[in-house]
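Open the model in a viewer and keep the residue selector at hand. The tour goes stop by stop, with a selection and a short account of what is found there.

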Amino acid sequence: NSLPGAEFKLYKEADTSYKNPVATVISYENGKVEFENVEYGKYIIKETKAPEGYVLSEEVLTANVTENGVTIKANPESISNTKIRSSVQVKKLDEYQKPVKGAEFTLYDSEGKEIKTSVSGEDGILLFENLVYGQYIIKETKAPEGYLVSEGTIKVFVDKDGELYTYDVVNNRIKGVIIITKTDMNGKLLQGAEFTLYDKNGKEVAAVVSDKNGVVIFNDVDYGDYTIKETKAPKGYVLSKEQLEVKVTSPETQKFTVKNEAKNFKDKIINVIAETHLHPGHLTNFKDKIVNVIPKAGSLFDLKAIIIMGTLTILSGICLLLKTKR
């Protein structure tokens, strides 16, 4: 193909340092270069600027003017340029600068057309080779398992022949948040419950105790499968046997609620009394809650039930009396 835009300079044969050009010409659309009105003598012709996107030719041409008015062809009569070609290397790293395998990157041309894809190896490196002169865009299109896809794109302008353009891209691990709300059977928030997080191999990862709001938070939990168990119950409550199976596959927050039963019958009654404060206005609610904790008739706890019911009758009378006086 004819190449316009190449710059050529004409030198006297004796000008071996190429410091004093006789003439400078740019190749035409048809790729031809012509030096006119060249005086008698021997000459050297060199390409001093290649067409855009091409490698400068190192070939030296010669010409010998011996006759007047004659067109002389240079020796050799023609030369060619090769396109600028280079490679782009992307190295995939984690947040600790360790190589990451399995990251897929896609190469696009300047108009956004997909050209090819490449995947990082054990060393975290992937290559796009033999790219001709021009603008390119590289984007991560699939992250390795357990990692977030890197944001943004890499813009590369290939303008140097044989160059290796290198870029490092960091992927962050997927980390999630797990929140557990601790309550009793009636929804009262419980402080002091310890929960332990274990990985898929049963190794302890972290232990957190519920705060005054009954909340347990496991922050920055790495991608993977986990088990959560209550390892210490709040005072006065039975340790929960519930086991949570949790999969962290995204940065989203996962929420759970775990309930505890009171440790014994006495504690259950105390919890109900504490909730109702023996206020007359809470009397109906108080009775309803007590019914839920009293054992069924015919059980070994009938005697305790009778005692409690008697106590309730007295308490109910006191509450009604206070209400009447008020």
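Begin with strands 13, 14, 16 and 17, an open sheet in the order 14-13-16-17 with antiparallel pairing. At its edges stand strand 14 (204-209) and strand 17, and each has a single partner strand, so one side of each is left without a neighbour in the sheet. From one strand to the next the twist averages 25 degrees. For such angles, axes are lines fitted to C-alpha atoms, for helices over the stretch in contact, and the angles run from 0 to 180 degrees between N-to-C directions. Strands (E, at least two residues) and helices (H or I, at least four) are DSSP runs numbered from the N terminus, and two strands pair if DSSP finds at least two bridges between them.

Before going on, note that this is a predicted model, in which local features need pLDDT of at least 70 and side-chain atom pairs count only at pLDDT 80 or more, while totals for chains, interfaces and linings use all residues. Residues are numbered from 1 along each chain as its sequence is written, and side-chain values use heavy atoms, with hydrogens and water left out.

**Within the sheet**

Select strand 13 (residues 194-199) together with strand 14: this antiparallel pair is joined over five bridges. E194 is a residue to pick out here, as it stands opposite V209 in strand 14.

Next, select D225 and K247. They form a salt bridge, with the closest N and O atoms 3.3 Å apart; the term stands for a side-chain nitrogen of Lys or Arg within 4 Å of a carboxyl oxygen of Asp or Glu. D225 lies in strand 16 and K247 in strand 17 (residues 243-248), so the pair ties together parts that are 22 residues apart in sequence. D225 counts as partly exposed at 34% relative accessibility, whereas K247 is exposed, with a relative accessible area of 54%. The classes are buried for under 20% relative accessible area, exposed for over 50% and partly exposed in between (1.4 Å probe, protein chains only).

**From strand 16 to strand 12**

Now select K182 and E230. Their salt bridge has its closest N and O atoms 2.7 Å apart. Since K182 lies in strand 12 (residues 175-184) and E230 in strand 16 (residues 224-232), the pair ties together parts that are 48 residues apart in sequence. Are these two residues buried or exposed? K182 counts as buried at 0% relative accessibility, and E230 counts as buried at 4%.

**A second sheet**

Move to strands 1 to 4. They make an open sheet of four strands in the order 2-1-3-4, with antiparallel pairing. Its edge strands are strand 2 (23-26) and strand 4 (60-65), each of which pairs on one side only. Here the twist averages 25 degrees from one strand to the next.

Select strand 1 (residues 7-12) and strand 3 (residues 41-49), which pair in the antiparallel sense over six bridges. The bridge partner of F8 in strand 3 is E47.

**E47 and what surrounds it**

Centre the view on E47. What is the nearest side chain of opposite charge? It is K46, 9.8 Å away, and E47 is buried yet has no salt bridge. In this count Lys and Arg are positive and Asp and Glu negative, with His and the chain ends not counted.

The side chain of E47 makes a polar contact with the side chain of N81 at 3.0 Å. A polar contact is a pair of N or O atoms within 3.5 Å; within protein, one must be able to donate a hydrogen and the other to accept it, and residues adjacent in sequence count only if both atoms are side-chain atoms. A polar atom of the E47 side chain also lies 2.7 Å from the backbone nitrogen of S57. Leaving aside neighbours within four places in sequence, the residues in contact with E47 (heavy atoms within 4.5 Å) include A6, V55, L56 and I79.

**Two last selections**

Select K73 and E77, a salt bridge with the closest N and O atoms 3.9 Å apart. K73 and E77 are both exposed.

Finish at N1, in the segment before strand 1. N1 is exposed, with a relative accessible area of 97%. Its C-alpha atom is 9.1 Å from that of S80, which is 79 residues away along the chain.

**The whole chain**

Zoom out. The chain has three helices and 18 strands, and 35% of its 326 residues count as buried. A search of the whole structure finds six salt bridges. Among contacts in the chain with a separation of 6 or more, 58% are between residues 24 or more positions apart.
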